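Biologist: Could you take one helix from this model and go through it closely? After that, please work outwards to the rest of the chain, odd backbone spots included.

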Amino acid sequence: MQVNLHEAWHIGPVQIPTRLVLAPMAGVSVQAFRRQGRRFGAGLVCSEMVSCAGLQHKNERTLGYLRIAADERPLAVQIFGSDPAVMAEAAAMVEDAGADIVDINFGCPVKKVTKTGAGATLLDEPDRACRIVQAVASAVSVPVTVKLRRGLENRSRACLSVGPQLVEAGAASLTLHPRSAKQMYTGTADHSLTAELVSLVDVPVVASGDITSRARAQTVLATTGAAAVMVGRAAQGNPWALREILDGDRAQPSREEVVAELILFMRETVRELGEHRATGFLKKFYGWYLGRGRFPRAFKAELTQLPTIAEAEARLFAAVPGARFPLARLEEESPPSDEVLLDLPISIYGGG
Ligand SMILES: Cc1cc2nc3c(=O)[nH]c(=O)nc-3n(C[C@H](O)[C@H](O)[C@H](O)COP(=O)(O)O)c2cc1C
């Protein structure tokens, strides 16, 4: 039986128009990525994880500020940390800035985060994890959700004991990426655990991990009973994957469309991060957009070596002059909107 991905669902009172969620990815999920995800049919988008410690140590090197625009909503802003009180304070700021949902990261496997007692390590400390969820849930009126891995060690089933406790503590939805922290991104996501988690809790569960096609999304939804699927790596430089998963539309984008989306992405990212940070940040996106057999390897390499974004843009237009027309249309349809700047440092460490 085919599951209708266009069916709306809810996290608490927040209506999510489709059963496709765009994953939070540190170093990726900037506003341009989230707005693009919404345009291509994601029902919910997530910020990359923001550090709560940044609140306490205002003088720490500030990495950037999270922007929130009206047209990305519904939006979940993800926070990470290990101190319930600091997390609660950060959650209140996130709510004030306009987030529809506060998401808590209990999945990040990266050492820099886990050694501070945050991220996936909290799966081994269920009491503290629950105190964090309780503190955050009582600090905000928007729904609080949690994203977790299966556990720390390979074959761990910690998510099945911790998950229901987090719901008891106030989580309105859980997203499970059923790999262990140790696995990082190797091996495969074991969605039989997602099915087990669904059977144990009475809140919507989102399935994350290896959703790369409509066929895979359909199988995972049908076999787990999850409310939605989350798509991460498959959407990097490839929003068309979202359309394929939602509608089965397998049409490959033209070179004009690819370059138009890339240039829009570049322009929005410069506005968000500033020219200096955007220059380094965008390099991986050149590979993601221009790869997949769309452009020759040498072209990708040439682009990443150009010292400025203006030069990269000029080079793209020189290669595909016809990209100007779809780009003009996109900029008309998706103008910069009124934005809120959220005074929280964006993490560079991410993972989950
Ligand atoms: C580069 C990268 C950064 C990530 N950063 C985060 C993050 O900040 N928070 C989080 O909860 N998960 C993060 N993740 C995990 C993803 O949200 C997702 O659960 C995981 O990639 C599995 O989904 P996929 O197979 O669709 O990529 C990250 C993943 C990648 C690849």
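Modeller: Sure, ground rules first: helices here are DSSP runs of H or I with at least four residues, strands are E runs of at least two, and both are numbered from the N terminus. The model is predicted, so local features need pLDDT of at least 70 and side-chain atom pairs count only at pLDDT 80 or more, while totals for chains, interfaces and linings use all residues. Residue numbers start from 1 along each chain as its sequence is written.

The helix I'd pick is α7, residues 191–200, whose buried residues are His191, Leu193, Thr194, Leu197 and Val198. They sit on the same side of α7 because they cover an arc of only 145° around the axis, the arc being that of the directions from the helix axis to the C-beta atoms. "Buried" means 20 or more other C-beta atoms within 10 Å of a residue's own, "exposed" means 12 or fewer, and "partly exposed" is in between, with C-beta atoms placed from the backbone. The spacing fits the textbook picture: an α-helix has 3.6 residues a turn, so residues three or four places apart point the same way. On the face turned away from that buried side, α7 carries the exposed Ser192 and Ser199. The cover over its buried residues includes the strands β9 (144–151), β10 (173–180) and β11 (205–208), plus the helices α6 (158–169) and α8 (214–224); a contact here is a pair of C-beta atoms, placed from the backbone, within 7 Å.

Follow β11 onwards and you get to a backbone oddity: Asp210, in the loop between β11 and α8, has a positive phi of about 65° although it is not a glycine. Asp210 counts as buried, because it has 22 C-beta neighbours inside 10 Å. Arg292 also has a positive phi, about 55°, and sits in the loop between α10 and α11 (297–305). Arg292, however, is partly exposed, with 15 other C-beta atoms within 10 Å. There's a cis peptide bond as well, joining Arg73 and Pro74 with omega about 5°; Pro74 lies in the loop between β6 (65–69) and β7 (75–80). For context, most residues other than glycine have a negative phi, and most peptide bonds are trans.

Zooming out, the chain has 13 helices and 13 strands, and 53% of its 352 residues count as buried. Its C-alpha trace spans about 60 × 55 × 35 Å along the principal axes. Among contacts between residues at least 6 apart in sequence, 71% join residues at least 24 apart.

An automatic or database domain assignment splits the chain into domain 1 (9–251 + 339–345) and domain 2 (255–333). Their contact takes 10 residues from domain 1 and 11 from domain 2. On the domain 1 side, helix α1 (residues 31–39) gives the most, with 3 residues.

The largest nonpolar core has 114 residues, with Ile79, Val133, Val136, Val229 and Val231 touching the most other members. Such a core is a set of buried Ala, Val, Leu, Ile, Met, Phe, Trp, Tyr and Cys residues joined through C-beta atoms within 7 Å. Helix α10 (residues 255–290) supplies its largest share, 16 residues, and each domain puts in at least three. Leaving out residues up to four places away in sequence, Val136 touches Met87, Ala88, Ala91, Val102, Ile104 and Val144.

Conventions: Two residues are in contact if their C-beta atoms, placed from the backbone, lie within 7 Å.
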